[in-house]
Amino acid sequence: MLRNGLEPWHLLIVALVVILLFGSKRLPDTARALGKSLRILKSEAKAMASDDAPPHPRTESGADPVR
């Protein structure tokens, strides 16, 4: 039944339905907002990963080493 999955004409129909639902004027704004959201998500994920990283080793005196 679903041997070929999505064919090009399926994607064309989906694109037409999206354009009809949202209108051609709102699509650029929606795409821009989605891009901003993805950038924010990526930066927050990167910040969380750096928070999980172990702290830099300290010298014997307990002070941070000079970089």
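The following is a conversation between a biologist and a modeller about the predicted model shown above.

Biologist: How many helices and strands does the protein have, and what share of its residues is buried?

Modeller: The protein has 2 helices and 0 strands, and buried residues make up 0% of its 67 residues. The protein exposes about 6,700 Å², and carbon and sulfur atoms supply 66% of that area.

Biologist: What makes the pairing of arginine 32 and aspartate 29 a salt bridge?

Modeller: The name requires a side-chain nitrogen of Lys or Arg within 4 Å of a carboxyl oxygen of Asp or Glu, and the side chains of arginine 32 and aspartate 29 meet at 2.9 Å, N to O, so the pair is called a salt bridge. By this rule the count for the protein comes to 1 salt bridge.

Biologist: Where do arginine 32 and aspartate 29 lie along the chain?

Modeller: Both belong to helix 2, which covers residues 26-52, and they are 3 residues apart, about one turn of the helix. An α-helix has 3.6 residues a turn, so residues three or four places apart point the same way.

Biologist: Why is arginine 32 called partly exposed?

Modeller: Partly exposed lies between the limits of under 20% for buried and over 50% for exposed, and because the relative accessibility of arginine 32 is 49%, arginine 32 counts as partly exposed. Aspartate 29, with a relative accessible area of 46%, is partly exposed by this reasoning too.

Biologist: How do you know that the length of helix 1 agrees with what a helix should span?

Modeller: Helix 1 runs over residues 8-22, and at 1.5 Å a residue its 15 residues should span 21 Å; since its end C-alpha atoms are 21 Å apart, the two values agree. Just after helix 1, glycine 23 takes a positive phi of about 85 degrees.

Biologist: Which residues form the nonpolar patch on the surface?

Modeller: The patch consists of Trp9, Ile13, Val14, Val17, Val18, Leu21 and Phe22, and together these residues have about 660 Å² of accessible area. Tryptophan 9 has its place in helix 1.

Biologist: What makes the approach of serine 50 to alanine 47 a polar contact?

Modeller: The cut-off for such a pair of N or O atoms is 3.5 Å, and the side chain of serine 50 reaches the backbone oxygen of alanine 47 at 2.9 Å, so the distance falls within the limit. Serine 50 is in helix 2, and at 47% relative accessibility it counts as partly exposed.

Definitions and conventions:
Residues are numbered from 1 along each chain as its sequence is written. This is a predicted model: local features need pLDDT of at least 70, side-chain atom pairs count only at pLDDT 80 or more; totals for chains, interfaces and linings use all residues. Side-chain values use heavy atoms; hydrogens and water are left out. Helices (H or I, at least four residues) and strands (E, at least two) are DSSP runs, numbered from the N terminus. Buried means under 20% relative accessible area, exposed over 50%, partly exposed in between (1.4 Å probe, protein chains only). Accessible areas come from the Shrake-Rupley method with a 1.4 Å probe; for residues, only the protein chains shown count as cover. The expected span of a helix is 1.5 Å times one less than its number of residues. Patches are made of residues with over 30% relative accessible area and no salt bridge: like charges are joined within 9 Å, nonpolar side chains (Val, Leu, Ile, Met, Phe, Trp, Tyr) within 5 Å. A polar contact is a pair of N or O atoms within 3.5 Å; within protein, one must be able to donate a hydrogen and the other to accept it, and residues adjacent in sequence count only if both atoms are side-chain atoms.
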